[in-house]
Amino acid sequence: MQTLIDPANPPSRRAPLVWAIGAAIPWAVLAVAQVVWFVLDARLGWLHAVAAGLTVIGVVTFVVVAPVWRYRVHRWEVGAQAVYTRSGWLVQERRIAPISRVQTVDTHRGPLARLFGLADVTVTTASSAGAVRIVALDSEVADRIAAQLTDIAAIGDRDAT
Amino acid sequence: MLLVHPVHEVLRQVPLLIGAVVLGSATGNAMWSIAVLVLMVGFGVARWFTTTYRIDAEQIQRREGVLQRSVLSVPRNRIRSVSTDARVLHRILGLTVVKVSTGQEAKGDAVFALDAVRSDEVPALRALLIADSLPDSIEAGDGISPPERVLARWQPSWLRYSPLSFTGLATIAAAVGVIYQTGAVAALEDSPLTQQGLDAAERLGVAATVGVAVLAVLLLGVLLSVVRSLLTFGNLVLSRRDEKGAGVLHLQHGLLRVREHTYDMRRLRGGTIRQPLLVRAFGGARLDAVMTGVVGSGEASLLLPPCPAATAEAVLTELIGQPDAVTGELRHHGPAATRRRWTRALALPALFAVGLGVAAVVAAVPPWAWVLCGVVIAAGAFLAADRSRALGHRVGNGWLVARSGSLDRRRDCLAAEGIIGWTARQTLFQRRAGVATLIAATPAGVKGYRVLDVPAELAWSVAAAASPWVADSDWAREPAHS
């Protein structure tokens, strides 16, 4: 019997804020559309109420609950031999991949992430089911990890398949 | 060789040809049709003249294109499998298409195919291409030097599994679709034949007519399935050739369209025994290869079509040399996993029953609805029982085995050294039930092999038992208790 303890490092402290803003944008568009609809056509009051209720539930779930929940779940760690992450909220995943089999290491910064100085690191292996993503890291941490992983992966000389 | 391209070009452009003929007859000037035909044949000839291939020390190269030139090169040491495919027209002319597959999944133009090589050049070409990816260069050219060992040969008795597939019904559905598209049905509606049919139907009554129609479609479907299976797999031979520890697997099948696949055995990472419900009911199974550089599902990875389960198991055992992995007892996943199978299979039928009950209070419900409800619940219960019986895994001796499913039961046997990543996934419900789905990532086959609903505390010990790098990682711990 063996278990794996969870990885140690949390994502950036700004991660929940960025996730919340990212989720808030589409919901805000939807809310504005509903207001416009109400202004143009105020008949069928119950339909407006139902739509507004659904929007409120969606906003609370995706803008308030999900980012906090994800921040509590997300963890990552780069060990001597493997990369290990934990992610998700409703569906949670723990994923481990050996560094000797790493093929590419990418860092990715979306527009919102750049605004807040965040970056994602994606570590791919030869299997499309085995890519490890470490999301919402502080930019300098992401660069450090990418450099570190590239260094270790370069030592191995096998073709990683 | 010169004939294939123009003829195929014409066949490929049939819609254009029809358009040209229509245009020709509409304008009353047959020159239009002839001009288009000449253009297409000319294009085909030009394609043949502009397509060349060469094999040098490091790579094979194909240059092609009439207006756009393209060059496709494949390093020879990256070749994982070589397959040939000869359709009827190719065979009449003594030609074959040679396809070369590397680790990458290529689609469309990126597939390295040499269309129309002379058939008598093919064995030498195949030996040359596949031999080069083997370790100590085996003398290419005389591809028959070591004796071939036949692993399986098609038997007429295998045909008994083919009526149990849906390919025949699918063919009929496709044919009906095409007929509707062409508008032939509208023309038929007023024909005397249809009138006669309608009169006959009135005499027989609706139920009998529907019964006869369904029976006829089923019979036709069975017939088509059997014929297709015979044409595709009749004369199938699976053989293996070993040299200096590196083997080559050779699969050949097809009565009209002949297909041959040659695989480098060092790329074999295991196999999947698949038993769809109907095939399993008659003791059959089919075998797929789990191999790097070969697509994991469908025609490309097929090693054996539906055949007696014992044959499939014997062949897989022969290939991977692990009888335990192929037929050994599996460790079951316990009551939580079984409970989840039942709740999932019965949730919808239960909802249906409740809905029906509510409806019965408000209005009269026809008796057949209750019968239907009973059938759905019984089917759900059978599915749940069958699925929970199937669920199991086995790990050890460097192999991971996972079995699951009912309608499409599969037993995946995967070499642990080919696993390059592990994922333990838990939905909210799985966390409450204390189970996890373990996914082994590999470059071979379908890339991710799932062990469904393992008890959560067991999940990482399965991974650790298969992959030493998990057991040796910085996070591995023996639990304090137990």
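Biologist: Which helices of chain B each supply at least two residues of the nonpolar patch?

Modeller: Those are α4 (88-92) and α9 (206-233) of chain B. Keep in mind that this is a predicted model.

Biologist: OK, and where does the largest share of the patch come from?

Modeller: From α9(B), with 6 residues. The patch covers about 900 Å² of surface, and its members include Val88(B), Ile92(B), Leu220(B) and Leu256(B).

Biologist: I see Leu93(B) in there too. Where is Leu93(B) placed?

Modeller: Leu93(B) is in the loop between α4 and β5 (95-101) of chain B. Its relative accessible area is 33%, so Leu93(B) is partly exposed.

Biologist: Switching topic: how many aromatic pairs are there over all chains?

Modeller: A search of the whole structure turns up 5. One of them is Trp27(A) with Phe62(A): the ring centres are 6.0 Å apart and the planes sit at 20°, so that pair is stacked.

Biologist: Which helices do those two lie in?

Modeller: Trp27(A) is in α1 (residues 15-40) and Phe62(A) in α2 (residues 45-73) of chain A, so the pair ties together parts 35 residues apart in sequence.

Biologist: And what about Trp69(A) and Trp89(A), why is that pair called edge-to-face?

Modeller: Because their planes are at 70°, and over 60 degrees counts as edge-to-face. Their ring centres are 5.8 Å apart.

Biologist: Is Trp89(A) buried or exposed?

Modeller: Buried, because its relative accessibility is 18% and the cut-off for buried is under 20%. Trp69(A), at 28%, is partly exposed.

Biologist: Which residues form the aromatic cluster?

Modeller: Trp27(A), Phe62(A), Trp69(A) and Trp89(A) form one cluster.

Key. Residues are numbered from 1 along each chain as its sequence is written. Chains are lettered from A and ligands numbered from 1 in the order in which they are written. This is a predicted model: local features need pLDDT of at least 70, side-chain atom pairs count only at pLDDT 80 or more; totals for chains, interfaces and linings use all residues. Side-chain values use heavy atoms; hydrogens and water are left out. Patches are made of residues with over 30% relative accessible area and no salt bridge: like charges are joined within 9 Å, nonpolar side chains (Val, Leu, Ile, Met, Phe, Trp, Tyr) within 5 Å. Accessible areas come from the Shrake-Rupley method with a 1.4 Å probe; for residues, only the protein chains shown count as cover. A salt bridge is a side-chain nitrogen of Lys or Arg within 4 Å of a carboxyl oxygen of Asp or Glu. Helices (H or I, at least four residues) and strands (E, at least two) are DSSP runs, numbered from the N terminus. Buried means under 20% relative accessible area, exposed over 50%, partly exposed in between (1.4 Å probe, protein chains only). Rings of Phe, Tyr and Trp (its six-membered ring) pair if their centres lie within 6.5 Å; planes under 30 degrees apart count as stacked, over 60 as edge-to-face and the rest as tilted.
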